[in-house]
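Reader: Got a minute to go through this chain with me? Put it up and start wherever you like.

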Amino acid sequence: MQQALLSCAYCGEKLARGGRSVTCDGCETGFHIACAERADELAVETNSRLLRSDVHEITCPDCGESWTLSFDPFE
Ligand SMILES: [Zn+2]
Ligand SMILES: [Zn+2]
């Protein structure tokens, strides 16, 4: 069974599994964290309050849904 890969809403590249990409729970728009950080319209706040992970607070440009993500920097 093949898994459908979404494309980044900003650069158009496929969202690779295991990379720093996210999919909105609200509207299923996908994008890379790096692209999201470059886009002024998207609020991405990175906190490193935890030793082993970065926490990104993201607001979806399409539906306005906000959510928080954690990434393992050694991934
Ligand atoms: Zn991208
Ligand atoms: Zn959304």
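Author: Let's start with C24. Outside its neighbours within four places in sequence, C24 is in contact with T29, C60, D62, C63 and E65. In contact means that the C-beta atoms, placed from the backbone, lie within 7 Å.

Reader: Is this experimental or predicted, and how do you number things?

Author: This is a predicted model: local features need pLDDT of at least 70, side-chain atom pairs count only at pLDDT 80 or more, and totals for chains, interfaces and linings use all residues. Residues are numbered from 1 along each chain as its sequence is written, while chains are lettered from A and ligands numbered from 1 in the order in which they are written.

Reader: What does the chain average in pLDDT?

Author: The average is 74, and 61% of the residues score at least 70. pLDDT is the predictor's confidence in each residue, from 0 to 100.

Reader: Which element has the lowest mean?

Author: Strand β3, residues 44–50, with a mean pLDDT of 59. The highest is β2, at 86. Where pLDDT is low, the predicted coordinates should not be read in detail.

Reader: OK. What's the secondary structure?

Author: One helix and five strands. The order along the sequence is β-β-α-β-β-β. Helices (H or I, at least four residues) and strands (E, at least two) are DSSP runs, numbered from the N terminus.

Reader: Back to C24. Which core is it in?

Author: C24 belongs to the largest nonpolar core, which has seven residues. The others are A9, V22, F31, A36, I58 and C60. Such a core is a set of buried Ala, Val, Leu, Ile, Met, Phe, Trp, Tyr and Cys residues joined through C-beta atoms within 7 Å.

Reader: And how much of the chain is buried?

Author: Of its 75 residues, 11%. Buried means 20 or more other C-beta atoms within 10 Å of the residue's own, exposed means 12 or fewer, and partly exposed is in between; C-beta atoms are placed from the backbone.

Reader: What share of contacts is 24 or more positions apart?

Author: 26%, counting the contacts with a separation of 6 or more.

Reader: New topic. What's the phi of E28?

Author: Positive, about 65°, although E28 is not a glycine. E28 sits in the loop between β1 (21–23) and β2 (30–32).

Reader: Why does E28 count as exposed?

Author: Because E28 has 11 C-beta neighbours inside 10 Å. Its C-alpha is 9.5 Å from that of D62, which is 34 residues away along the chain.

Reader: Where's E37, and what about I58?

Author: E37 is in helix α1, residues 33–38. E37 and I58 are 21 residues apart in sequence, and their C-alpha atoms are 9.3 Å apart. E37 is partly exposed because 16 other C-beta atoms lie within 10 Å.

Reader: What about E13? Which residues is it in contact with?

Author: S7 and C8, leaving aside neighbours within four places in sequence. E13 lies in the segment before β1. The C-alpha atoms of E13 and H32 are 9.0 Å apart, with their positions 19 residues apart in sequence.

Reader: Last one: is A16 buried or exposed?

Author: A16 counts as exposed, because it has 11 C-beta neighbours inside 10 Å. A16 is in the segment before β1.

Key: Contact = placed C-beta atoms within 7 Å.
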